[in-house]
Amino acid sequence: MSLTASVGVEENGVAREERVSISSASTAATTGSERTMRVDGGYVTNQRPSVGEGFAKVHEEAIEDRDFPFISKAVAEAYEGVRLGHGGPFGAVVVRDGEIVSCCHNMVLKNVDPTAHAEVTAIREACQKLGRYDLADCEIYASCEPCPMCFGAVHLSRIKRLVYGAEAEAAVAVGFDDFIADAIRGTAYYQKASMEIKQVDGKGKSAAEEVFQNTKSKFVMY
């Protein structure tokens with residue numbers, strides 16, 4: 001393979017450009033996706049995306065496309081829970097093999113139960129439907145970053161993947177306890193290696209964050 005390029009050369013102390021033809025045999029060094037060739041005292045850099053970089057981008061977009069419908073469902077549940085007066089603006093969805101097993105929202109006020117958070121409620125329902133407490137083949141989508149209690153429930157159920165929308169600070173901004181966000185920041189030290197944790201970005205993140213501002217005047221703070 002050959003290419004033609006301009007290179008900087010110096011002759012008798014005078015710098016000038018020269019068009020040269022460079023073959024693959026002229027390659028002096030190849031680093032990642034950048035190929036650098038030296039010819040007559042000058043360098044030519046031929047930059048091109050690597051196969052790995054291209055695959056990573058396509059894979060990332062595919063993951064985002066796969067996650068979006070489920071995080072959107074969790075966000076819709078958050079709105080529904082507020083509309084019904086069941087609790088705060090939080091929703092969660094448990095998914096197995098691409099199919100929704102349970103879809104729940106916060107039920108603290110409805111059930112008069114401070115532990116009836118969306119994630120806990122969704123996990124309980126999923127376990128009942130599947131007839132087991134081990135959800136190792138499931139994923140959970142939460143409209144907001146889980147509190148320490150819910151994070152513990154996700155671990156105890158052995159769910160393999162957690163995807164969330166808004167960060168905890170979005171809930172703190174409308175009046176939820178800030179100690180929860182502080183506690184969450186420490187959970188990274190205790191995460192199980194077998195569990196993938198991801199925050200969505202783009203439209204999914206924005207939609208999840210908007211839940212709090214759009215519902216703050218419609219639910220009772222507890």
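**Helix α4 and the sheet around it**

The buried residues of helix α4 are covered by elements that include α3, β8, β9 and β10. In this predicted model, helix α4 spans residues 148-156, and its buried positions include C150, F151, A153, V154 and H155. A general point about helices is helpful here: an α-helix has 3.6 residues a turn, so residues three or four places apart point the same way. Just after α4, the chain reaches R158, which takes a positive phi of about 65°.

The strands named in that cover belong to an open sheet, and a newcomer may find it easiest to walk across this sheet strand by strand. Five strands make up the sheet, running in the order β7-β6-β8-β9-β10 with mixed pairing. At its edges lie β7 (99-105) and β10 (196-199), each of which pairs on one side only. From one strand to the next, the twist averages 15°.

Within the sheet, strand β6 (residues 91-96) pairs with strand β8 (residues 138-144) in the antiparallel sense, over five bridges. Here V94 stands opposite I140 in β8. Two helices can then be placed against the strands. Helix α3 (residues 118-130) packs on the sheet and touches β6, β7 and β8; the direction of α3 makes about 140° with that of β7. Helix α7 (residues 202-215) also packs on the sheet, where it touches β8, β9 (161-166) and β10. The direction of α7 makes about 60° with that of β9. Strand β8 is thus touched by α3 and by α7, and β8 is also among the elements covering the buried residues of α4.

Notes. Residues are numbered from 1 along each chain as its sequence is written. This is a predicted model: local features need pLDDT of at least 70, side-chain atom pairs count only at pLDDT 80 or more; totals for chains, interfaces and linings use all residues. Side-chain values use heavy atoms; hydrogens and water are left out. Two strands pair if DSSP finds at least two bridges between them. Helices (H or I, at least four residues) and strands (E, at least two) are DSSP runs, numbered from the N terminus. Axes are lines fitted to C-alpha atoms, for helices over the stretch in contact, and angles run from 0 to 180 degrees between N-to-C directions. Contact means heavy atoms within 4.5 Å. Buried means under 20% relative accessible area, exposed over 50%, partly exposed in between (1.4 Å probe, protein chains only).
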